Amino acid sequence: MIRTDDLAQQRLLVAQACRVAASRGLVDGTLGHISLRIDERHLLIRCRSDSDTGLACTGADDVRLVCFDGTAGAAGELDGYQVPNEFPIHAETMLSNPRHRAVAHLHPPAVVAVDLAGITIRPIYGAFDIPGAWHARAGVPVYQRSVLIRNTQLGREMVAAMAGRSLLICRGHGIVSAAGTVQQAVLQGISLDRIARMSLRVVSAGGTLREIDEQDWADLPDLRPSLTVDAAWRNELARITQRPPTDYVR
Ligand SMILES: [Zn+2]
């Protein structure tokens with residue numbers, strides 16, 4: 001049995017994540033969606049309504065409970081709402097790996113551009129963004145097709161390209177970021193966008209992309225989640241609500 005109170009909190013979390021992604025320029029307009037697995041049969045996903053005003057304006061009501069076959073997860077859940085065309089991105093990513101409880105499908109222009117420019121994401125920096133550097137070191141695979149991933153077959157093909165990683169670039173399209181939490185999925189997307197932007201910036205300045213020294217990895221520790229996730233997410237929420245810190249000095 002799904003508790004209604006918990007669901008309300010989780011709807012709000014997914015809605016906030018959509019607004020964070022929009023505020024970071026990772027999505028534009030009404031394209032892109034974020035989901036969270038609830039149990040064996042259900043997930044919450046950002047859906048579209050006829051009065052949809054875009055990802056940046058996502059409210060908790062836009063996040064609907066659905067089954068893994070894309071049908072309503074409870075009575076009335078899809079009344080006035082449609083699951084995204086690319087729902088199979090979410091369903092297949094979650095079904096392929098139980099650790100993937102949250103999935104963000106976003107369209108960050110810098111990441112699309114870096115791939116189209118033939119630039120591979122590499123660890124060109126370290127302490128500038130440690131989690132991002134580690135993702136770059138592991139490598140970010142590319143799904144070579146630029147199609148709308150609107151059926152199970154394409155969803156599975158995309159998951160195969162992901163090869164067990166948590167980040168994927170879809171050529172001429174966008175990204176998929178999968179994680180244990182919604183916060184982590186979006187923060188990974190922000191990190192990928194950050195390193196893509198820096199790569200483009202270096203190349204635009206006439207520079208050459210060089211990986212950091214191998215010996216530096218020993219001093220790029222995996223910092224506490226309280227810093228890399230909790231504090232980072234607080235910052236993201238403060239940015240979208242424009243709420244000044246309580247101890248702000250005027
Ligand atoms: Zn898409």
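Colleague: Let's start with Val 27: not counting residues up to four places away in sequence, which residues does Val 27 touch?
Modeller: Keep in mind that this is a predicted model. Val 27 sits in the loop between α1 and β1 (33-37). Setting aside residues up to four places away in sequence, Val 27 touches Ala 21, Ala 22, Gly 32, Leu 55, Leu 106 and His 107.

Colleague: And is Val 27 buried or exposed?
Modeller: The cut-off for buried is 20 or more other C-beta atoms within 10 Å. Val 27 has 27 of them within 10 Å, so this loop residue counts as buried.

Colleague: How far apart in space are Val 27 and Gly 174, C-alpha to C-alpha?
Modeller: Along the chain, 147 residues separate Val 27 from Gly 174. In space, C-alpha to C-alpha, the gap between Val 27 and Gly 174 is 9.0 Å.

Colleague: On to the helices. Val 27 comes after α1, so to speak, in the loop towards β1; at what angle do the axes of α1 and α7 cross?
Modeller: Helix α1 covers residues 4-23 and helix α7 covers residues 225-241. Their axes come within 10 Å. The pair counts as roughly perpendicular, because the axes of α1 and α7 cross at roughly 75°.

Colleague: Which classes of residue make up the contact of α1 with α7?
Modeller: From α1, the contact uses Gln 16, Arg 19, Val 20 and Ser 23. From α7 come Glu 236, Leu 237, Arg 239 and Ile 240. Sorted by class, that contact has three nonpolar, two polar and three charged residues.

Colleague: How many charged residues are in the contact of α6 with α7?
Modeller: The axes of α6 and α7 come within 10 Å and cross at roughly 85°, which makes α6 roughly perpendicular to α7. Gln 183, Gln 184 and Leu 187 in α6 meet Val 229, Ala 232 and Trp 233 in α7. By class there are four nonpolar residues and two polar ones, and the number of charged residues is zero.

Colleague: Why do the buried residues of α3 end up on the same side of the helix?
Modeller: The buried residues of α3 (109-116) are Val 111, Val 114 and Asp 115. An α-helix has 3.6 residues a turn, so residues three or four places apart point the same way. Here the buried residues of α3 are on the same side because they cover an arc of only 95°.

Colleague: What do the buried residues of α3 pack against?
Modeller: Just past this helix comes Gly 118, with a positive phi near 80°. As for the buried residues of α3, their packing partners are β7 (142-143), β8 (167-170), β9 (174-179) and α6 (182-204).

Colleague: What covers the buried residues of α4?
Modeller: In α4 (130-138), the buried residues are Gly 132, Ala 133, His 135 and Ala 136. They lie on the same side of α4, because their arc around the axis is only 160°. Their cover includes β8 and α6.

Colleague: Which residue just after α4 takes a positive phi?
Modeller: The value to look for is a positive phi of about 95°. The residue just after α4 that takes it is Gly 139.

Colleague: Is Ala 163 buried or exposed?
Modeller: Ala 163 has a positive phi of about 50° although it is not a glycine. You'll find Ala 163 in the loop between α5 (152-162) and β8. With 9 other C-beta atoms within 10 Å, against an exposed cut-off of 12 or fewer, Ala 163 is exposed.

Colleague: Leaving aside neighbours within four places in sequence, which residues is Tyr 125 in contact with?
Modeller: Tyr 125 is in the loop between α3 and α4. With 19 other C-beta atoms within 10 Å, Tyr 125 is partly exposed. Neighbours within four places aside, the contacts of Tyr 125 are Ala 133, Met 198 and Ile 212.

Colleague: Where does Ile 212 lie?
Modeller: Ile 212 is partly exposed, with 18 other C-beta atoms within 10 Å. Not counting residues up to four places away in sequence, Ile 212 touches Pro 123, Tyr 125 and Gly 126. As for its place in the chain, Ile 212 lies in the loop between α6 and α7.

Definitions and conventions. Residues numbered from 1 in each chain as written. Predicted model: local features only at pLDDT ≥ 70, side-chain atom pairs only at ≥ 80, totals over all residues. Helix = DSSP H or I, 4+ residues; strand = E, 2+ residues; numbered from the N terminus. Arc of directions from axis to C-beta. Contact = placed C-beta atoms within 7 Å. Axes fitted to C-alpha atoms, helices over the stretch in contact; angles between N-to-C directions. Parallel < 35°, antiparallel > 145°, perpendicular 65-115°, else oblique. Nonpolar A, V, L, I, M, F, W, Y, C, P; charged D, E, K, R; others polar.
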